Amino acid sequence: DHLKLSQNQLLTTLAWQCQNQTRYALEGSVFMAGAIVQWLRDGLGIIQNSAQVEQLAQQVKSSDGVILVPAFTGLGAPHWDSEARALLCGMSRGTTKAHIARAALEAIAFQVSDVLCAMQSDLSQPLKELRVDGGASQNDMLMQFQANILNVPVLRPKMLESTAWGAAAMAGLKAGVFSNLDEISASWQLDRTFEPVMQQDQRESRLFEWNQALKRAKSELI
C-alpha cells in the first residue's frame, strides 16, 4: 500500500485503486515470451502451430545443454540491454529441433526467474508461490520447469485471462456485482499446482548455464 522504488531495475506501477485503497506493484518486462514460440513456428518452421511446441519439446528428456537467450529485440528486466542479441548455444551434432524447442520453452522460465529474483531482492521476502495466467500457462512442461527453476509451487487458475478478468471484476465492483475486494479474491479457482521436483544441484547448474549464456548475449561482448 506504499510506493516502493526498485533498486534492481524493475518498474514501479500502480496496480489498482478503489474503495479508498491504493496498491502498487513491481513490474518486470520480459521482451520475448510467447513470441519465442511464434519464432519457432514462423522463423524456423519446426512447428506448424503454437500448440505443437510442448509435444516437440517432450520428445527429449532435457535440452542437453542447449540454451536459447531470446534477445531478438534486446533484453528486458532486470538487464535492460537494448543492444543485446539473441543467442543459441551449447549445441552439438546431436542437437535436434526437439532440443531447440525445449530450450525455447525453458528460456521463458529463465527470464521469469530473473525478474522474480530481482523482486525478491527489492522486497527482502522469499517467494512462496507463483500464480500464473495467459496462453503460455497452458503448457504443462513449461509450468513444471518454472516450478523447478524457482523451487516454489506454480499455481494455474481455471480462468487464464486474469488481466481481462481483473478489469471486468473492478467494473463488477462498481456495478454492485461484487460487494468488496474479498469477494473478488474468493472467485479465484485453482486448476492445477505444479510442485518443484528438481534437485538443488541441478537447479544451480541450469541457472549457471543460463547466466553464462546471458553474458555472451549482452552488448558489452559484441
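## Reading a predicted model: pockets, burial and sulfurs

User: Which element gives the largest share of the lining of the second largest pocket?

Analyst: Helix α1 does, with 3 residues. Keep in mind that this is a predicted model. Elements that each supply at least two lining residues are α1 (34-44), α2 (52-57) and α3.

User: How much space lies in the second largest pocket, and which residues are closest to its centre?

Analyst: The space is about 220 Å³. The lining has 14 residues, and V37, S50, V53, G135 and A136 are the closest to the centre. Next, sort the lining by class. That gives 7 nonpolar, 6 polar and 1 charged residues.

User: Now cavities. How many of 30 Å³ or more does a search of the whole structure find?

Analyst: A cavity is a space where a probe fits but cannot get out. Here the search finds 1. About 50 Å³ of space lies in the largest cavity. The elements giving two or more residues to its lining are α3 (97-123) and α7 (200-217). Residues that line this cavity include S29, V30, H79, D114 and W210. By class, the lining has 5 nonpolar, 4 polar and 1 charged.

User: Next, burial. Is R156 buried or exposed?

Analyst: Check relative accessibility against the cut-off: under 20% means buried. R156 has 8%, so R156 counts as buried. This arginine is found in strand β6 (residues 154-157).

User: What does the side chain of R156 join in a polar contact?

Analyst: The partner is the side chain of D140, at 2.8 Å. Then look at who else touches R156. Leaving out residues up to four places away in sequence, its contacts include V132, M143, L190, R192 and F194.

User: For contrast, is A164 buried or exposed?

Analyst: Exposed means over 50%. A164 has a relative accessible area of 52%, so A164 is exposed. A164 is found in helix α5 (residues 162-175). You can also compare two scales here. A164 and N49 are 115 residues apart along the chain, and their C-alpha atoms are separated by 24 Å.

User: How many residues of helix α4 are buried?

Analyst: For a whole helix, count the buried residues. In α4 (residues 140-150), 9 of the 11 are buried, so the helix is mostly covered. Among the buried ones are M141, F145, Q146, N148 and I149.

User: What covers the buried residues of α4?

Analyst: The cover includes α2, α3, β5 (130-131), β6, β7 (190-194) and α7. Now check the ends of the helix. At the start of α4, a side-chain oxygen of N139 reaches to within 3.2 Å of the backbone nitrogen of M141. After α4 comes N151, whose phi is positive, near 60°.

User: Last topic: disulfides. How many does the structure hold?

Analyst: A disulfide is a covalent bond between the sulfur atoms of two cysteines. This structure holds 0.

User: Why is there no bond between C89 and C117?

Analyst: Look at the gap between sulfurs. A disulfide needs them within 2.5 Å. The closest cysteine sulfur to that of C89 is in C117, 19 Å away, so the distance is too far for a bond.

User: Are C89 and C117 buried or partly exposed?

Analyst: Use relative accessibility again. C89 is at 13%, so C89 counts as buried. C117 is at 41%, so C117 counts as partly exposed.

Notes:
Residues numbered from 1 in each chain as written. Predicted model: local features only at pLDDT ≥ 70, side-chain atom pairs only at ≥ 80, totals over all residues. Heavy atoms only, no water. 1 Å grid on protein atoms, 1.4 Å probe; cavity = no way out; pocket = protein on both sides within 12 Å on 5 of 7 lines; lining within 4 Å. Points joined across faces, edges and corners; volume = space filled by probe spheres on them. Helix = DSSP H or I, 4+ residues; strand = E, 2+ residues; numbered from the N terminus. Nonpolar A, V, L, I, M, F, W, Y, C, P; charged D, E, K, R; others polar. Buried < 20%, exposed > 50% of the residue type's maximum accessible area, 1.4 Å probe, protein only. Polar contact = N/O pair within 3.5 Å; in protein donor to acceptor, adjacent residues only side chain to side chain. Contact = heavy atoms within 4.5 Å.
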